[in-house]
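Grab a pencil and work through these short exercises, each with its solution spelled out step by step.

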Amino acid sequence: LRYDGGTQTLPLLTGTEGDQAFEVKNLLGTAGMVTLDPGFGNTASCKSEITYIDGAAGILRYRGYSIQDLATGSSFLEVCYLLIKGRLPEAAELKEFADELRSNAELPAGMADMLNAFPRNAHPMTLLASSVNTLSAFYADSVDPQDPAQVDLATTRLLAKLPTIAAHIYRNSIGETPIAPDPSLDYVENFLNMTFGSAKPEGEVGELFAKAMDLLLILHADHEQNCSTATVRVVGSSQADLYGSVSAGINALFGPLHGGANQAVLEMLEQIREMGGDLDAFLAQVKDRESKTRLMGFGHRVYKNFDPRSREIKGLARQILDRQERPDELFELALQLEDKALADPYFTERKLYPNVDFFTGVIYRAMGFPTSMFTVLFAIGRLPGWIAHWREQLNDPATRISRPRQLYVGPGERAYPGR
Ligand code: MLT
């Protein structure tokens, strides 16, 4: 849909959207071209050096390194460093970074009281977004985007405290006493310890869970201009502080179409189980356009091939679930569903392949997380990506405040009827 400038007054532009024809009557002051692009599917809102995706080939790289190499060779903290600072750390730099996070993991005095005052049955994502926003009240000395030292301090505090906040929210939700961070543990072990306490598995299983959590966080760490990252950038473009911008991103991630999708996959698998595990009947429903049933965890706006993260996650799911005494019914269903869908031209012709959300839910569930925490885990993983984008934009002299153009399609001036 284009407006080519010119001197016309009314109508300036006509177009169609779905079945509906409309006229844009009043593009006051507009010159040049306007493209209607709902959801910004075609509009590049920024340039970025952080993450590269080739959706057709199924390639994902952070700062030039393939996700597969990072998943096998790096820890989540190394990936945080890489995303935020642009290069992999030397051993001494990584130690310093990890120590800094360790010594900042405690919550500020007063935040525990605030968290304890929230209704226990509130969704953890609501509480997470509120708490992160409130960090700017507790730490007014790190809210000025113009002061690089304050930006670094906010970065450290946010990375260090998000797992502590998340675990505190979880413990409150199950009526258990929150557990303070333990400076002797590393980032991921500490999070698992603050979450599960004495219920955390020890020994080999404990190590496997910590490794799995670390890998899942790496795989979620950035994904270019998705809904939440674009939100962080839009809010940050007004020079809002890091805490407030990331809090906005957390709210964007909360939506079922974005971070809530892994929860939806699990619910779909449960629904199939209730249908007696009849996958053919379920897939027939998906293909029936009237039924509105969707194959959750399949298809992605940018991937027209396998989401490279889904392959890594499937391998991880096998490691976690195959060690269980009895086969995990939902995992078995997911495997069969994937096979059937990939053998069906209906899905492959539409380029619907498993995405990052397809197997994550079954892993989180096997690790003991309730479904309401799944998106919180996504947020902990995505945090370095949000921070990296916020900082990249801040340091780019070409940054302007985000202000998308609107096409007005409502009535022209109307005579006011009076009373
Ligand atoms: C993500 O990781 O953010 C999701 O795959 C959604 C997206 O990229 O649009």
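**Exercise 1.** Sort the residues lining the largest cavity by class, then find where they come from.

*Solution.* Start with the split: 6 nonpolar, 2 polar and 2 charged residues make up the lining. Here Ala, Val, Leu, Ile, Met, Phe, Trp, Tyr, Cys and Pro count as nonpolar, Asp, Glu, Lys and Arg as charged, and the others, Gly among them, as polar. Before going on, note that this is a predicted model, where local features need pLDDT of at least 70, side-chain atom pairs need 80 or more, and totals for chains, interfaces and linings use all residues. Residues are numbered from 1 along each chain as its sequence is written, and side-chain values use heavy atoms, without hydrogens or water.

Next, put names to the lining, which includes Asp-144, Gln-150, Asp-241 and Trp-390. A cavity is a set of points on a 1 Å grid over the protein atoms alone where a 1.4 Å probe fits but cannot get out, and lining residues have an atom within 4 Å of a point. Helix 6 (residues 148-173) gives the largest share, 3 residues; helices are DSSP runs of H or I, at least four residues, and strands are runs of E, at least two.

**Exercise 2.** Work out which residues surround the ligand and which side chains reach its oxygen atoms.

*Solution.* First, list the shell: His-223, Asn-226, His-258, His-300, Arg-309, Phe-378 and Arg-382, each with a heavy atom within 4 Å. By class that's 1 nonpolar, 4 polar and 2 charged residues.

Then check polar contacts (N or O pairs within 3.5 Å). His-223 puts a polar side-chain atom 2.6 Å from a ligand oxygen. For His-300, a side-chain N or O atom sits 2.7 Å from a ligand oxygen, and Arg-382 also has one at 2.7 Å. Finally, of the 270 Å² the ligand exposes taken alone, the protein buries 83% (Shrake-Rupley areas, 1.4 Å probe).

**Exercise 3.** Trace the open sheet formed by 3 strands.

*Solution.* The order is 3-4-5, with antiparallel pairing (at least two DSSP bridges per pair). Strand 3 (51-54) and strand 5 (65-66) are the edges. Between strand 3 and strand 4 (residues 59-62) there are 4 bridges, and Tyr-52 has Arg-61 as its bridge partner in strand 4.

Key
1 Å grid on protein atoms, 1.4 Å probe; cavity = no way out; pocket = protein on both sides within 12 Å on 5 of 7 lines; lining within 4 Å. Polar contact = N/O pair within 3.5 Å; in protein donor to acceptor, adjacent residues only side chain to side chain.
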